[in-house]
Amino acid sequence: MRTTAPRRRARRTSAGVGAAFTALIVAAAGALTGCSADEAKSGGERGAQAAPRWNTSPASVAAVGDSITRGFDACSVLADCPEVSWATGDDPDVHSLAARLLGEAEAPARSWNYAVTGSRMADLPGQLAEAAAHRPGLVTVMVGSNDACRPTASSMTAVADFRSGFEKALAGLRAASPTSQVYVSSVPDLQRLWEQGKDDPMVRQVWKLGICQSMLAEPTSAAAGATARRERVRARVVEYNEVLRAVCAKDTLCRYDGGAVFQYPFSAEQLSRWDWFHPGKDGQARLAELAHRQVTSAEPPR
């Protein structure tokens, strides 16, 4: 008996040391991570629950961007027509995104349009600051066309500047209105728009007034220089869209349209009958339809 008892105590002592050593390791790991194993588990669960989810029924809409969102040239020559804006307009033929989300009766009181014709990415932070004052459920962003539509291709906004401007704009919105969702439209394919009007003599005369000369100058020229210039502008638009996608992807409440507007095959009937470049009323309706489909989808576009 005396010979076995010490052995039992030794085994119990050894087991106790092992358990203590294991507990020490767990405690040390907890100290390094700042929490215990149980706390880490519950913290992870809380983090998963706290992750923001996309709301397919936002309670208000603010729009920022350029002439497209202002309905420029959609109702009369060289003039804004916000009532047909794809984002916030009240024209029943367009049935804007705000009208689709909020209802036609509620949309006027719970939607705001801060887009400005001629705006570029550098103007976006200021527009988003105005929009953020309303703490909107959703902010629509359509900007970039004027960064590519310059007097010359060499004066287009640099991609690095475009990126820093978008990052600054989103950071400002997040600081002022952390829970606002953001729907980002891709920049339209400007070369496709050129193709729609280039063979019409009247259209070419309108384009000479100075509309998007980086793309539309010498519209019928097939010379190597003119062709290369148009390809350069289109390539820059593709780069802008990649910036919009990449920067938006870092924000859990930002949804890029997956290139839907860039890929949309606008026909001549959907363009302004004054400049054959900006969307007309029917084109605005198509933009509203695309946006509504994406905003109300349970999953972002692929």
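## Helix α7 against helix α10

In this predicted model, helix α7 spans residues 190–197 and helix α10 spans residues 224–249. Their axes come within 8 Å of each other and cross at roughly 135°. That angle makes α7 oblique to α10, because it does not exceed the 145 degrees beyond which a pair counts as roughly antiparallel.

On the α7 side, the contact uses Leu190, Gln191 and Trp194. On the α10 side, it uses Arg230, Glu231, Val233, Arg234 and Val237. The classes are mixed: four residues are nonpolar, one is polar and three are charged.

## Helix α6 against helix α10

Helix α10 also packs with helix α6, which covers residues 159–176. Here the axes come within 10 Å and cross at roughly 30°. The two helices are therefore roughly parallel, as the angle falls under 35 degrees. The crossing of α6 and α10 is right-handed.

From α6, the residues in contact are Val159, Phe162, Arg163, Phe166, Glu167 and Leu170. They meet Arg236, Glu239, Tyr240, Val243, Leu244, Ala246, Val247 and Cys248 of α10. This contact has 10 nonpolar residues and four charged ones, with no polar residue.

## Helix α4 against helix α6

Helix α6 has a further partner in helix α4, residues 124–132. The axes of α4 and α6 come within 8 Å and cross at roughly 15°. So this pair, too, is roughly parallel. The crossing is right-handed.

Leu124, Pro125, Leu128 and Ala132 make the contact from α4. In α6 they meet Gly165, Phe166, Lys168, Ala169, Leu170, Leu173 and Ala176. By class, nine residues are nonpolar, one is polar and one is charged.

Two α6 residues, Phe166 and Leu170, appear in the contact with α4 and also in the contact with α10.

## The cavity

Rolling a probe the size of a water molecule over the atoms shows where empty space is left. In this structure, one cavity reaches 30 Å³ or more. The largest cavity has a volume of about 50 Å³.

Its lining consists of Ile68, Pro188, Leu193, Phe266, Phe277, Pro279 and Leu287. By class, these are seven nonpolar residues, with no polar and no charged ones. Leu193 of this lining falls within the residue range of helix α7, 190–197.

Key
Residues numbered from 1 in each chain as written. Predicted model: local features only at pLDDT ≥ 70, side-chain atom pairs only at ≥ 80, totals over all residues. Heavy atoms only, no water. Axes fitted to C-alpha atoms, helices over the stretch in contact; angles between N-to-C directions. Helix = DSSP H or I, 4+ residues; strand = E, 2+ residues; numbered from the N terminus. Parallel < 35°, antiparallel > 145°, perpendicular 65-115°, else oblique. Contact = heavy atoms within 4.5 Å. Nonpolar A, V, L, I, M, F, W, Y, C, P; charged D, E, K, R; others polar. Left-handed = near helix turned anticlockwise from the far one by under 90°. 1 Å grid on protein atoms, 1.4 Å probe; cavity = no way out; pocket = protein on both sides within 12 Å on 5 of 7 lines; lining within 4 Å. Points joined across faces, edges and corners; volume = space filled by probe spheres on them.
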